[in-house]
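Colleague: Please take a close look at one strand of this model, the part that pairs with other strands, and set it in the context of the chain around it.

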Amino acid sequence: MEFKFTEDNFKRVEESISKYPHKRAAIMPVLYIAQEQNGFISGEVMLEVAKILEITPEDVLGVVTFYTMYHQHPVGKYHIQVCTNISCMLKGGYEIYRRVKNKLGIDNMQVTPDSLFSLEEVECMGSCGTAPMLAVNEDYYENLTNESTDQIIESLKNNN
Ligand code: FES
């Protein structure tokens, strides 16, 4: 299905572009606006972003696949990213990952049937000093223990 920015979002896109000397430099904020509108970065979104920024779809794909903040598939209301890279792994990151997986009953890159949660195992999120960590959408939770991990999931469930 074709993707077009809403009128308001297109204004935001233009504002973002105007802050840079070259259109292509606005790729990150433009993708962010697209993801906010569409929920994830589909192939159609990438085509539209490429067209607007006058770059190739491959250029867009390169950015989308490099940064964990962009999702290529639909995600839940709470997208949980658990880091299992070296620092987190050494401090129990896999245990945290397995715990979240079991609590939610979903696997990597899956969404719960009620669309409330999705799970993703990710590489370093730049919070190695406070490993192990996970992110829920844009919020980081650090120095995790089994107990604090359970509490995070429970409080998100209770928020709904
Ligand atoms: S290794 Fe997990 S945040 Fe860096």
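**One strand and its surroundings**

Modeller: In the chain, 57% of the contacts with a separation of 6 or more are between residues 24 or more positions apart. The model is a predicted one. The chain has 160 residues, of which 25% count as buried, and its C-alpha trace spans about 45 × 35 × 25 Å along the principal axes. Seven helices and four strands are present, in the order α-α-α-α-β-α-α-β-β-β-α along the sequence.

The strand to examine is E1 (78–83). Six of its six residues are buried, so E1 is largely enclosed by the rest of the structure. In a regular strand, side chains alternate between the two faces of the sheet. Both faces of E1 are covered: one side carries Tyr-78, Ile-80 and Val-82, the other carries His-79, Gln-81 and Cys-83, and all of these residues are buried.

E1 has pairing partners in E2 and E3. With E2 (117–122), E1 pairs in the parallel sense over six bridges; within this pairing, His-79 has Ser-118 as its bridge partner. With E3 (134–136), E1 runs antiparallel and is joined by three bridges. Here Val-82 is the residue of E1 whose bridge partner in E3 is Leu-134.

The packing around E1 can be followed through the nonpolar residues. Nonpolar side chains tend to be buried together in soluble globular proteins. The largest nonpolar core here contains 16 residues, and those with the most contacts inside it are Ile-80, Val-82, Ile-96, Val-100, Met-133 and Leu-134. E1, H6, E2 and E3 are the elements that give two or more residues to this core. A second core, separate from that one, has 15 residues, including Val-13, Val-45, Val-49 and Val-60.

Met-133 links this picture back to the strand. Apart from its neighbours within four places in sequence, Met-133 is in contact with Cys-83, Cys-88, Met-125, Ser-127, Tyr-140, Tyr-141, Glu-142 and Leu-144. Of these, Cys-83 is one of the buried residues of E1. A cis peptide bond, with omega of about -5°, joins Ala-131 and Pro-132. Pro-132 is placed in the loop between E2 and E3, the strands that pair with E1 in the parallel sense and antiparallel, respectively.

Helix H6 (93–104), a contributor to the same core as E1, also holds Lys-101. Lys-101 counts as partly exposed, because 17 other C-beta atoms lie within 10 Å and a residue needs 20 or more to be buried. Beyond its neighbours within four places in sequence, Lys-101 is in contact with Ile-106, Asp-107 and Leu-119. Between the C-alpha atoms of Lys-101 and Leu-90, which are 11 residues apart along the chain, the separation is 19 Å.

Two loop residues deserve attention for their backbone geometry. Met-109 is not a glycine, yet has a positive phi of about 65°; this residue lies in the loop between H6 and E2. Met-109 counts as partly exposed, with 13 C-beta neighbours inside 10 Å. Asn-143, likewise not a glycine, has a positive phi of about 50° and lies in the loop between strand E4 (139–141) and helix H7 (146–158). Asn-143 is exposed, with 12 other C-beta atoms within 10 Å.

Technical notes
Residues are numbered from 1 along each chain as its sequence is written. This is a predicted model: local features need pLDDT of at least 70, side-chain atom pairs count only at pLDDT 80 or more; totals for chains, interfaces and linings use all residues. Two residues are in contact if their C-beta atoms, placed from the backbone, lie within 7 Å. A nonpolar core is a set of buried Ala, Val, Leu, Ile, Met, Phe, Trp, Tyr and Cys residues joined through C-beta atoms within 7 Å. Two strands pair if DSSP finds at least two bridges between them.
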